[in-house]
Amino acid sequence: MVLPTTIFLIATQIIVKIQGIPFYVLVVDPNEIAKLPPYTGMISMLGILFWCASVATSIFSSFLLQKKGGLKSRKWAKFLLFSACITLVILLDDLFQIHEYYYHPFIDLRNFTNPSPIKNFFELIFFTMYAIAISIYLWKFKSLFKKTNYPILLLSLLFFTISVFVDVATPEKMFLHSTIEEGSKFLGIVTWFSYFVDCCYEQVQYLIVNRSSEFT
């Protein structure tokens, strides 16, 4: 991993040099730049850690099932790999706030007296794409979902729906707006993590028990 990491750092250094961006901007803590207290963004950062844990657990379990399991385990390996990919995309979006900035090169919000509706509209487009992708994903693996503790995942999606609704359909001055929006989002992330940890645990345990029985 040292070589690809070194290549990544060198390539990043070249790109930011061309763009005229100080390299320290990419490596320093944002709170240090903004002179904010260290607990700023704590809940958001915890959410990122849970996203990362979901991705890592799913990829590791998928690899294990693919290499060591039979035909049934390979189906679960594919399911967990797809799950990891979807989670990774959402993780990157949440980490870099892509859904809030992807349209900025095409439209200047400063030209609008009230930019909030425009901002909410473009965010809603992004969230709709997520909803479609997750729906296709659920349909593709519906036979496997029925064998999991899927109410946990449905609860997670409910929390995300509440968060998105509060974000795009209610004024920011609404009572407890940030608490409901970000709190629901965090609950959704943790519940999402719980669901996939449960899936991974069940399938890895099944693999271990079956392989042990082969030698008894």
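# Briefing on an all-helix chain

Of the 216 residues that make up the chain, 31% count as buried. The model is a predicted one, and the chain holds ten helices and zero strands, so that its elements, read from the N terminus on, follow the order α-α-α-α-α-α-α-α-α-α. Along its principal axes the C-alpha trace spans about 70 × 45 × 35 Å. Among the contacts in the chain with a separation of 6 or more, 68% are accounted for by residues 24 or more positions apart.

**Packing of H4 with H5**

- Two packed helices are described by the angle between their axes and the distance between the axes.
- Helices H4 (42-68) and H5 (residues 71-96) pack at an angle of about 155°, and their axes lie 8 Å apart.
- Because an angle over 145 degrees counts as roughly antiparallel, H4 is roughly antiparallel to H5.
- The crossing of H4 and H5 is left-handed, and the residues of their contact divide into 15 nonpolar, seven polar and two charged.
- With its 27 residues, H4 reaches 39 Å from its first C-alpha to its last, which is close to the 39 Å expected at 1.5 Å a residue.
- The buried residues of H4 include Gly47, Ile48, Trp51, Ser54 and Val55, and further along the helix Ser58, Ser61, Ser62 and Leu65 are buried as well.

**Ser73 in H5**

- Ser73 has its place in helix H5 (residues 71-96), and its relative accessibility is 5%, so Ser73 counts as buried.
- When its neighbours within four places in sequence are left aside, Ser73 is in contact with Leu65 and Leu207; of these partners, Leu65 is one of the buried residues in H4.

**Packing of H7 with H9**

- Helix H7 (residues 116-140) and helix H9 (residues 150-169) pack at an angle of about 165°, with 11 Å between their axes, and that angle makes H7 roughly antiparallel to H9.
- H7 passes H9 in a left-handed crossing.
- On the H7 side, Asn120, Glu123, Leu124, Phe127, Ile134 and Leu138 take part in the contact, and they meet Leu153, Leu157, Val164, Asp167 and Val168 in H9.
- Sorted by class, this contact of H7 with H9 has eight nonpolar, one polar and two charged residues.
- The 20 residues of H9 should span 28 Å at 1.5 Å a residue, and the end C-alpha atoms of H9 are indeed 28 Å apart, so the two values agree.
- Buried residues in H9 include Leu153, Leu157, Asp167 and Val168, each of which also meets H7.
- Ser156, Phe159, Phe160, Ser163 and Val166 are likewise buried in H9.

**Positive phi in two loops**

- Most residues other than glycine have a negative phi.
- Lys35, a residue other than glycine, has a positive phi near 60°, and it lies in the loop between helix H3 (30-34) and helix H4 (42-68).
- The relative accessibility of Lys35 is 70%, and therefore Lys35 counts as exposed.
- Gln97, also a residue other than glycine, has a positive phi near 55°, and its place is in the loop between H5 and helix H6 (98-101).
- Gln97 is partly exposed, because its relative accessible area is 23%.

Note on methods. Residues are numbered from 1 along each chain as its sequence is written. This is a predicted model: local features need pLDDT of at least 70, side-chain atom pairs count only at pLDDT 80 or more; totals for chains, interfaces and linings use all residues. Side-chain values use heavy atoms; hydrogens and water are left out. Axes are lines fitted to C-alpha atoms, for helices over the stretch in contact, and angles run from 0 to 180 degrees between N-to-C directions. Helices (H or I, at least four residues) and strands (E, at least two) are DSSP runs, numbered from the N terminus. Angles under 35 degrees count as roughly parallel, over 145 as roughly antiparallel, 65 to 115 as roughly perpendicular and the rest as oblique. A crossing is left-handed if the near helix is turned anticlockwise from the far one by less than a right angle, and right-handed if clockwise. Contact means heavy atoms within 4.5 Å. Ala, Val, Leu, Ile, Met, Phe, Trp, Tyr, Cys and Pro count as nonpolar, Asp, Glu, Lys and Arg as charged, and the others, Gly among them, as polar. The expected span of a helix is 1.5 Å times one less than its number of residues. Buried means under 20% relative accessible area, exposed over 50%, partly exposed in between (1.4 Å probe, protein chains only).
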